[in-house]
Amino acid sequence: MLSRTAVRLSLSLSVLLLVLFPLFLVNRGSRTAEVVLLGGMVYTMDASRSWAEAVAFSKGRILYVGSDAGARTFVGSGTRVLHLNGNMILPGFRDSHIHPVTGGLLLSECRLDDLATAGAILAAIREFRSRHPEKKWLTGSGWDLHVFADANPRKEALDAIVGDVPSYFESVDGHSAWANSAALRLGGIDSNTADPPGGRIERDAVTGMPTGTLRESAMKLVAGKIPAPSPQDRLDGLRSVLQQAARFGITALHEANATPDILDAYSELSRRSELTASISASLHFDRDRGEADIPELARIRSMYNARNLQVNAVKLFMDGVIESHTAALLESYLDRPGDSGPANYTPQVLNRLAVKLDAQGFQLHMHAIGDRAVRMALDACEAALIANGNHDSRHHIAHNQLIDPADIPRFAKLRVIADFEALWAYPDSDITELTEPRLGPVRSRWLYPIGSVAATGAVIVGGSDWSVTSMNPLEAIQVAVTRAPLDSKAKPWIPEELTDVRTMLAAYTINGAYLNHEEKETGSIEAGKRADLIVLNQNLFSLPKTAIHNAKVLLTLFNGREVYRDPSFRD
């Protein structure tokens with residue numbers, strides 16, 4: 001009879017063999033790696049959040065994760081060995097809500113980002129006009145709503161600079177636009193034009209004439225008259241964005257609102273093997289067509305799945321934004337008694353849509369800002385679950401700016417993924433001058449409740465909504481754990497909603513992979529998975545929380561291929 005000690009030893013060896021067996025399977029017949037990374041601080045993001053020293057990979061797949069000594073057994077005559085000298089290794093970051101193609105087009109337009117006064121914005125437009133006298137239309141984006149009284153810039157200010165050249169500039173959040181008189185005329189907008197469904201034409205309180213500011217669907221009246229970009233324009237813009245993403249360590253992007261023209265750009269770069277990140281796309285849903293659009297969406301989905309490109313979701317807009325009174329709230333705006341903002345769907349229509357899309361195997365990807373919009377989105381997911389059963393849909397709600405406390409536990413209960421743009425979770429001028437005054441302190445307590453949602457066990461992912469704001473994940477991670485501006489040691493805004501680095505790294509890696517049903521392929525550093533890896537110059541866990549955004553990506557590997565290297569990095 002075996003002694004208790006012998007039994008324990010036997011069991012321990014059995015457990016060890018079970019743990020190592022998958023690794024042995026991966027390594028058999030492939031003991032020589034193409035690349036070995038040594039001397040790093042590898043935060044694997046595996047289920048136990050373990051650390052390692054080294055990684056070996058070949059043909060885009062990880063062969064080994066463990067000690068330097070173990071990794072050296074994979075070094076052969078043709079192996080490239082990179083000595084990391086204590087630098088941090090992470091899985092590649094994943095941006096779960098971004099607009100690469102449309103944002104790429106904006107790079108060649110008039111940029112109005114971070115301009116603090118109306119005078120500075122007008123000066124930028126004047127300067128852009130002087131450099132481009134040949135343009136038949138002047139277009140751009142990035143102006144902040146708080147710069148103008150009631151977030152309502154006037155057409156007369158544009159007319160004085162651009163004259164009769166039609167001009168159209170979208171706000172930084174993409175939910176408002178500013179047009180001059182010539183553009184309004186082309187859009188057929190005058191004092192007699194009715195607000196379109198889901199939109200608003202701002203009007204002068206005295207004359208009733210359009211002021212030049214358009215909200216939500218009203219923007220299309222003018223935007224639809226702007227000459228469409230060429231396919232080459234889209235390709236050029238997308239290439240620029242992919243380069244920027246690689247510089248930030250991003251190896252996967254979720255395109256938040258794809259049309260066939262946008263998918264054509266991804267498909268073409270896939271065909272040319274030029275994609276430097278994997279792409280998942282949410283199809284644009286035509287609200288005017290309603291349920292009749294679903295067969296067309298299914299047809300488009302079947303056309304565009306390709307190497308490093310999957311089309312698996314449908315984008316639905318629940319509402320607009322709080323700053324322009326277009327978010328759907330459970331209670332009235334404080335500065336507009338009786339007005340709780342428009343929702344883009346009735347609950348009955350939305351629930352029926354959700355059930356039908358879910359039955360067709362589509363993920364729901366829902367923009368929801370106001371607490372009523374978030375509740376409607378959760379109700380729709382629940383309706384789909386009840387009607388169709390649980391088939392691992394992984395529906396997700398983006399932004400979640402204001403959530404009623406009663407709805408916070410429902411994300412975990414319904415297995416709905418919460419997509420937060422964490423870089424917005426601090427008191428900038430939009431928050432202090434527009435959002436909080438419209439909500440009051442009681443409701444404002446529940447703005448961007450990242451910590452509360454994470455504490456329920458719900459899956460949270462991270463997005464940027466670029467080009468609305470920076471796509472740098474390190475900046476968003478820092479704001480989530482400080483609730484304060486970058487380069488600031490201010491006290492946290494709504495400290496109850498603070499979270500930690502571990503949670504946010506999961507949001508930008510393994511959770512993002514889970515969102516796209518790719519957690520068995522990537523999102524963590526484990527043998528058998530894709531070699532989507534990044535090297536940072538500092539350990540994020542050792543840095544002061546206020547310095548996380550200063551960390552630098554030194555190397556980005558996508559499918560084992562180097563897609564970015566900082567000039568300072570020498571191996």
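Glu518 and Arg530 are both buried in this predicted model. Their side chains meet in a salt bridge, with 3.7 Å from N to O. The pair links distant parts of the chain, twelve residues apart, and both Glu518 and Arg530 lie in the loop between H19 and S22.

The loop between helix H19 (510-515) and strand S22 (533-536) also holds Glu519. The side chain of Glu519 forms a salt bridge with that of Arg394, at 2.9 Å from N to O. Arg394 sits in the loop between H12 and strand S19 (396-399), 125 residues from Glu519. Arg394 counts as buried because its relative accessibility is 9%, under the cut-off of 20%.

The structure holds 35 salt bridges. Among them is the contact of Arg336 with Asp339, whose closest N and O atoms are 3.9 Å apart. Arg336 has 25% relative accessibility and therefore counts as partly exposed. Asp339 is also partly exposed, at 25% relative accessibility. Salt bridges further join Arg375, Asp379, Glu382, Asp404, Asp407 and Arg410 in a network.

The nonpolar interior was examined next. The largest nonpolar core comprises 110 residues. Leu316, Phe411, Met504 and Leu540 have the most contacts inside this core. Helix H12 (residues 371-388) gives the most to the core, with seven residues. Apart from the largest core lies another, of 20 residues. Its members include Leu112, Ala124, Ile125 and Phe169.

Contacts of Met504 were listed without residues up to four places away in sequence. On that basis, Met504 touches Ala422, Ile450, Ile460, Ile477, Ala480, Val481 and Thr499. Three of these names recur in helix H17: Ile477, Ala480 and Val481 are among the buried residues of H17.

Helix H17 spans residues 473-482. Ten of its ten residues are buried, so H17 is largely enclosed by the rest of the structure. The buried residues are not restricted to nonpolar types: Glu475, Gln478 and Thr482 are among them. Pro473, Leu474, Ala476 and Val479 are also included. The cover over the buried residues of H17 includes S8, S15 and helix H18 (501-507).

Strand S8 (residues 93-98) is itself covered. Six of the six residues of S8 are buried, so the strand is largely enclosed by the rest of the structure. S8 pairs with strand S15 (residues 250-258) in the parallel sense, over four bridges. Within this pairing, Phe93 has Ile250 of S15 as its bridge partner.

A further sheet was identified. Six strands form an open sheet with mixed pairing, in the order S9-S10-S11-S12-S14-S13. Strand S9 (110-111) and strand S13 (199-203) stand at the edges. Each has a single partner strand, so one side of each is left without a neighbour in the sheet. Inside the order, strand S11 (residues 167-171) and strand S12 (residues 176-179) pair in the antiparallel sense over three bridges. The bridge partner of Glu170 in S12 is Ala177.

Towards the start of the chain, two strands were considered. Val36 lies in strand S1 (residues 35-38). At 0% relative accessibility, Val36 counts as buried. The C-alpha atoms of Val36 and Arg80 are separated by 6.3 Å, although the two residues are 44 residues apart along the chain. Val36 touches Arg80 as well as Val55, Ala56, Ala71, Phe74, Val75, Thr79, Val81 and Leu82. Residues up to four places away in sequence are not counted in that list.

Met41 lies in strand S2 (residues 41-43). Met41 counts as partly exposed because its relative accessibility is 33%. Together with Trp51 and Phe541, Met41 forms a nonpolar patch on the surface. The three residues together present about 270 Å² of accessible area.

Technical notes:
Residues numbered from 1 in each chain as written. Predicted model: local features only at pLDDT ≥ 70, side-chain atom pairs only at ≥ 80, totals over all residues. Heavy atoms only, no water. Patch = residues over 30% accessible without salt bridge, like charges linked within 9 Å, V, L, I, M, F, W, Y side chains within 5 Å. Areas by Shrake-Rupley, 256 points an atom, 1.4 Å probe, with all protein chains shown as cover. Salt bridge = Lys/Arg side-chain N within 4 Å of Asp/Glu carboxyl O. Helix = DSSP H or I, 4+ residues; strand = E, 2+ residues; numbered from the N terminus. Buried < 20%, exposed > 50% of the residue type's maximum accessible area, 1.4 Å probe, protein only. Pairing = 2+ DSSP bridges. Core = buried A, V, L, I, M, F, W, Y, C linked by side-chain atoms within 4.5 Å. Contact = heavy atoms within 4.5 Å.
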